[in-house]
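Morning, everyone. One structure today, two topics: a sheet and an aromatic pair. Here it is.

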Amino acid sequence: MNQPYSRLRINQHQLSPSFLHSSAFLVALILLSSRATAAAQTLTITAADRHPTTLSAAQIAAAPHVTIVADDHGTAAKFEGVPLATVLTMAGIQLGDSLRGPRLSEVVLVSASDGYKVAFALAELDPAFATREIILADKRDGKPLDAKEGPFRVVAPGDKRPARWIRQVTELKVVAIK
């Protein structure tokens with residue numbers, strides 16, 4: 001009665017339309033999932049006055065990295081990543097001497113794949129203004145971030161609560177507050 005899989009033959013006419021429909025749906029879901037994974041390996045940076053810039057995980061990995069040792073919910077962790085100021089500069093966002101006047105009201109809205117968002121004043125990311133480095137981490141304790149955290153995570157040492165340590169970062173958007 002139980003036949004080995006090698007001897008099991010199914011005629012396509014024996015398959016129900018609902019099975020065929022669900023199989024097609026499953027294939028489409030797998031294809032969309034692989035596209036979502038590829039999209040999740042990129043970071044989009046936008047500003048009102050310029051076209052969006054998309055950086056790949058490889059471009060971010062090739063940028064100069066810094067290491068931060070920080071407490072993450074009671075556990076010491078070593079995060080490696082690119083300062084957010086560097087990431088913004090890679091996308092053509094000017095910092096330093098050009099950050100004055102009305103530009104001091106600009107914020108960076110950081111978005112995650114699950115819709116979570118946090119904001120940083122642009123000035124607090126600029127090394128000409130701030131003494132701490134807020135980074136876009138891509139490694140934790142020497143290993144790439146896992147799926148729960150990565151591929152990118154903002155680490156903001158010095159925040160008393162890690163609520164702005166946003167995981168699964170997909171977009172940085174520079175917004176002028178009016």
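Start with one residue. V110 stands opposite L172 in strand 10. Keep in mind that this is a predicted model.

Now the strands around that spot. Strand 5, residues 106–112, pairs with strand 10, residues 169–176. The sense is antiparallel, and the pairing runs over seven bridges.

Zoom out to the sheet. Which order do the strands take? Read it as 2-1-10-5-6. That makes five strands in an open sheet, with mixed pairing. The edges are strand 2 (50–56) and strand 6 (117–121). Each has a single partner strand, so one side of each is left without a neighbour in the sheet. On twist: neighbouring strands of this sheet are turned by 20° against each other on average, direction ignored.

Second topic, the aromatics. How many aromatic pairs does a search of the whole structure find? One. The partners are F79 and W165. Two numbers describe such a pair: the distance of the centres and the angle of the planes. For F79 and W165, that is 5.9 Å centre to centre and 85° between the planes. The planes are over 60 degrees apart, so the pair counts as edge-to-face.

Where do the two rings sit? F79 is in strand 4, residues 75–83. W165 is in the loop between strand 9 (153–155) and strand 10. So the pair ties together parts that are 86 residues apart in sequence.

Last check: buried or exposed? The cut-off for buried is under 20% relative accessible area. F79 has 0% relative accessibility, so F79 counts as buried. W165 has a relative accessible area of 6%, so W165 is buried too.

How values were computed: Residues numbered from 1 in each chain as written. Predicted model: local features only at pLDDT ≥ 70, side-chain atom pairs only at ≥ 80, totals over all residues. Heavy atoms only, no water. Pairing = 2+ DSSP bridges. Helix = DSSP H or I, 4+ residues; strand = E, 2+ residues; numbered from the N terminus. Axes fitted to C-alpha atoms, helices over the stretch in contact; angles between N-to-C directions. Phe/Tyr/Trp six-rings, centres within 6.5 Å; stacked < 30°, edge-to-face > 60°. Buried < 20%, exposed > 50% of the residue type's maximum accessible area, 1.4 Å probe, protein only.
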